[in-house]
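Work through the following exercises with the structure open beside you, and try each task before you read its solution.

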Amino acid sequence: MAKPGKTLEIRTSPHILSGYSVDTIMFNVVLALLPITAFAVFAFGLAGLLTLSMALASCVLTEHLICRASGKPTTIGDWSVTITGLLYGLTLPPSLPLWMVAVGGVICVAMGKAMFGGLGYNTFNPALVGRAVLQAAFPVALTTWIPSFGAGRFSSLPSSTLTLPFTEPTVDAITSATPLALWKFSQEATATGDLALGFTSGSVGETSSVLILLGGIYLIARNMMNWRIPVSIFGAVAVLSGALHLMDPARYASPVLMLFSGGLMLGAMFMATDMVGSPMTSRGCYLYGALIGLVTVVIRTWGGLPEGVMYAILLGNAVTAHLDRWTRLTVFGTRGKEAAT
Amino acid sequence: MSETELVSRPAPPSIWHMYRAMVGVGIVCGLLIVTAFQVTRPIIERNKAEALQKAIFHVLPNASTSATYRLDESGGFLVLEGKGVGAELVYAGYDDNHELMGLAVEAQGMGYQDVIGVIYGYSFAEEAIIGIQVLESKETPGLGDKIESDPEFLENFERLDVSLRDDLSEMANPIVPVRHGEKTHPWEVDGITGATISSVAIADILNRSAQYWMPRIRSHLSDFQGDFQGEE
Amino acid sequence: MPSESLWTIFINASLVNNFVLAYFLGICPFLGVSSKLETATRMGGAVTFVMLVSSVCAFGIQLLLVAIDAPYLKLISFIAVIASTVQLVEMFIKKVSPALFRALGIFLPLITTNCAILGLALFQTNKGYSFVQCIVYALGAGAGVTRARVLMAGLREKLELAEVPDVTKGTAMALMIAGLLSVTFMGFGGLGG
Amino acid sequence: MRPMRLLGLKTFRHGVHPPESKDETSGLAIRQFPFAPLLIVPLVQHMGAPSLPVVEEGQEVHRGQQIARADGFMSVSMHAPASGLVRRIALAPSISGRMVPAVYLEPFPGSTQEIEEGTPCPLDTASPDEIIAAIQDAGVVGLGGAAFPTHVKLKIPEGKFVDTLIINGVECEPFLTTDHRVMLEQSGDIFMGIRYLLKVTGAQKVIIAVEANKPDAAAHLREAFPGDLDGSVEVLPVKYPQGAEKMLFSALLGREVPSGGLPLDIHALCCNVATAAQIGHLLPRGQGIQERVITVTGPAVKRKGNYRIPIGTPLRFLLEHVGVEEDVNRVFLGGPMMGAAVSSLEISITKGTSGVTAFTDSAAERTHSQVYPCIRCSYCVDACPIFLNPSLLGMLAANEEFSTMAEEHNLMDCFECGSCSFVCPSHIPLVQHFRAAKDAVRKAKAGAA
Amino acid sequence: MAATSKSSTDEFIKGLWKENPVFVQVLGMCPVLAVSNTAMNALAMGLATAFVLIMSNIAVSSLRNFIPKQVRIATYILIIATFVTVVDYVIQAVSLDLYKALGAFISLIVVNCLILGRAEAFASKNTVARSVMDGLGMGIGFAFALFCLGAVREILGSGSLFGAQLFHDAFQDWVVMILPSGGFFTLAAWLLLFNWLEQRKERKAKSDEATTLALGKEAV
């Protein structure tokens, strides 16, 4: 009989783990984003493909180089920067000059993530940090859209895509307004079917609401996403815009348009739910979602910009710490005590 | 200083010392301020007047002299004498032959970021706005601030119709903003793509101001025709 | 007389043209002390209160200065009035509500050199606001300052537990966050229109 | 507060679902385990003062004979697990890593190993105090794992009362099937034990809690439930840590044990099902605990099963007897969620040992060894059965802010169930952090006092 | 007092670099961030502040024995406000456009903590000569820092420096740099640079020390 126990390993309990690991979660988010990415390439052709590739490449490379520079092992293996790169790419206008895409990618990772201490401490969603700073830097380029499903999209590029670095892009002859801009500036509603399936103009990956929903549902089913956040965002947006629409249908957009247009779907499903920047308690998540929904509707309805999801989520990220504090759970057995003191 | 502390502890400085210090310093400071004010005042006032004149001539291209009028309680216009604090002012522009070319009017309203202030020129002959200059704006650089520089946008104001109804009670057509490239009427303002809010704001500011001023000005046209010759 | 509605003034002062994030007024205390939430909230309250009081005072002074035609005394009288207002407020609170004094007291002297207060007085005069407009402006500005502080406090508290790289620790990090907040608040642009 | 329900079954909020891994042993009947050539009976098998030996080196003892007596109230008796010779009374290694006094007993190879009977404690005539004394004499401690002297728990102070007795047959720890088999095979002892417990505590009602993954046990107990007892058998959903006292009270009664308080504060008392069975078995016979049922299982164990094992059996003998894989490198006393890893196989089985699980590296669940930073996924917040924020506590612990953890974030309420570490996708050793932090806080408090 | 002449040069030097009011002490942030959107504005603001700083240092240090402790802060504020008012009118007289660009921030020099700080911490305790040197150093250091910020913001934000176009017409302006957030980012970037330099120096000093130690040991 063997003599067991020559090399016993001592660890403290528990000795088994659930099997989820940071990299598995992150990888699954990437999986959930793949159909959206594929559709984006299908809808915007070469421009979409190049934008996404450049976004991804610049983010991953920046992360790698920063890790190298600070003498730490590279962290691109945990897939988190891949998500950042993909999400960032998906929020960009397809005709954006590639050099701007690259600049934004560096901003995403350097300013949104590395500066705060890397994964786990990136208080603001890195993809949105990059996107927001880029929009502040190049407001015109970031609000110029091309129509989806253009005829020659697989053979030619919008003239702006290959603009030389640091030079101003020439605006293409064929630009197209997003559904939200159409509503905001000329009160034109886009057909619901087009909105849901993504036959509209907009950012590379925000157009197909159906695929975004499917990706989100996959993650929710695998418990890799907090369903409360998208649900309360959608709820808040639907209720608010619904009430406004009922009051004055000509002035205020219908809830359907609000829900299925712009970056709301993508933002609510994949960016507001970024674990690092969202609250930890369930009640906190509901409040967080409601706040994002409210701010989105306010900016879209009364603000200067047609779209406000990005700012709403960044604001949500900023108040997360407070939400966590206010919605702290009552520790088991302290209910009576707190009432007494 | 520790030395002062040692001294001051047992016997704090008398009230007299404090008064002396405060009043002394106060008098010197007051003298300094008033001197600076007196020395610079004429220069500043000249600068301001020059800047205003430049703006008036900019929006009334054919004018070479100008005069300031204020709206009287009676509804008529009088030449401004002294300071125009609290009064509602318009500036009349005259050409080399002392012919009245038009009026320059200041207007302001809310833009994208903050208040936008403009001055625009009104031509009696054309019954239209013939020039505009932004005096004050914090619009987004590169986007909203195109209202100051975008040539296509500024073309709107080479001849923007503000004609009145026959009874001079109100404007025939309000100034309305339209989307870029959709201007069909002379009273429409062709917007700037990507800077919609700012261009709409300009149209609104002009509309509000014109709605207020045009009937008043037209009904007292003769007030500006006086034999007054504007200053160069 | 500016025709802005009270609501516009409030939204602009508190969101669009936030004193801290768009005008950089009161940056020093914003960067310096706001790492504890409770302090941030109280300090915000104190600033708002002083803003309100000094806004009213500044309105009165401006009337007086116009009446005696002495615009050159504006700055000197504003700063003198703000400094003494803070002193008076401090004494008043100490007398009336010791509890409130304990909560706000230590912050009050610091507020004298807070440029947001003087900035408010100067801006409202430049804009030529009426009395009611001034009050709303002060409230909006105070709300904006408080909001910026509270957000900053939460973020910094969170970052205290983070493994922030050595190079970015401290003021540089606070400035970056302020910049990001400022970008975020840009989203509210046009709300006041 | 109303108890929470899940699919119609009462349960507590939060918790986790580790793989149960009970199928391989739950159907195996309890078997008697042979005597090791040398039994090492530690004199510290319970929380409290070590028992005082009443035998001498070289003395012959009978199986069941008292070999050590209680040292004060917070202590219990010890009984000889076999008839044999006391070789020596000396220090022996224990699970905590400390050396503790122990009786080295060499069983007589040819002995019939009959158990010596003492003075019975009849249910009908004995007073509550006499029963409590008898329980102490029988050496009964909580067999669920805590090994808290049972008689101490049963001694109800003046002014307090108990209305409900809960018999804990939940056994939520993965792999273990001890209680499951005891409920199936010793229901008579269990109900006898319940009668003793009801008499001592004065409770009117008894609830036997069984997790839904043991339907046969629940059905059997329901069938055997004596008609004269007021109570029921409740089936609870499968969820970890359903078997923790606090979770049970909250699930069954909707009452929360106050932070820092005792179950008595909510008029309830909880007793493990195996403990009840031991009481019901030992007291009428006047015997003491000299063996207990233990599940020996885990991927590395060849002949898994539920064995009745003499107290003091060395772990090495036990594992050699059941056969283990050669590359076994993790052995736990208890289950994988709360069990303690052993550093040496020279320690022996005690009364608190409810199971022995052994893993090899290849079979170990801990496949991801890389620790990531906390990504605030909130899995741990949703898992913690007492509503702490383990993520925040973990970060505070990393910064050594122990006093903040205790004062502002209720660190001391953590009972180390391991749910947070189990779900953590970043593999942060949260429970380990919390143990260290709690130690530090206790030390600081002791230093201050 | 033999060291006075040498140390007064030091007073001047320290403000430029080692105790730079912006990059090291992080004082007077309000104007630093608000009017540094172009190099011209920044430089004008910097010089205006420097002027007020020097003048108030002179005034405070020469009156330091005349002003009782109890009323010193009030007096200092009075002095500073006076000089600020003077500067305000001078700038208005020189250029209305510049005055418009700087706006109320000139008046806000009054509450710049740098000026009151120097008056209280330095000028009230030192001779006029030393105070002038201190004011010069701090003032020029402040103006220099403002210029650094303004230059970066203007070059990136408008593609020009002091209004002169630097690049080809097609240069894409980084609008964010002229926006408020750009002020925060640029200053943060400068601070990062300074931190990094400082840390590198420290590391180097440490490793040097270690080598000397090691060498010393070897020698023994």
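**Exercise 1.** Find which residues of H8(A) meet which residues of H10(A), and sort them by class.

*Solution.* In this predicted model, Pro230(A), Ile233(A), Phe234(A) and Val237(A) of H8(A) are in contact with Leu264(A), Met265(A), Ala268(A) and Met269(A) of H10(A), where contact means heavy atoms within 4.5 Å. Sorted by class, this contact has eight nonpolar, no polar and no charged residues, with Ala, Val, Leu, Ile, Met, Phe, Trp, Tyr, Cys and Pro counted as nonpolar, Asp, Glu, Lys and Arg as charged, and the others, Gly among them, as polar.

**Exercise 2.** Describe how helices H8 and H10 of chain A are oriented.

*Solution.* Begin with the bounds: H8 covers residues 228-247 and H10 covers residues 264-271 of chain A. Their axes lie 9 Å apart, at an angle of about 150°, and H8(A) is therefore roughly antiparallel to H10(A), a term used for angles over 145 degrees.

**Exercise 3.** Decide whether H10(A) is enclosed or open.

*Solution.* Eight of the eight residues of H10(A) are buried (under 20% relative accessible area, 1.4 Å probe, protein chains only), so this helix is largely enclosed by the rest of the structure. Among these buried residues are Gly267(A) and Phe270(A).

**Notes.** Residues are numbered from 1 along each chain as its sequence is written, and chains are lettered from A in the order in which they are written. Local features need pLDDT of at least 70, side-chain atom pairs count only at pLDDT 80 or more, totals for chains, interfaces and linings use all residues, and side-chain values use heavy atoms, leaving out hydrogens and water.

Key: Axes are lines fitted to C-alpha atoms, for helices over the stretch in contact, and angles run from 0 to 180 degrees between N-to-C directions. Helices (H or I, at least four residues) and strands (E, at least two) are DSSP runs, numbered from the N terminus. Angles under 35 degrees count as roughly parallel, over 145 as roughly antiparallel, 65 to 115 as roughly perpendicular and the rest as oblique. Buried means under 20% relative accessible area, exposed over 50%, partly exposed in between (1.4 Å probe, protein chains only).
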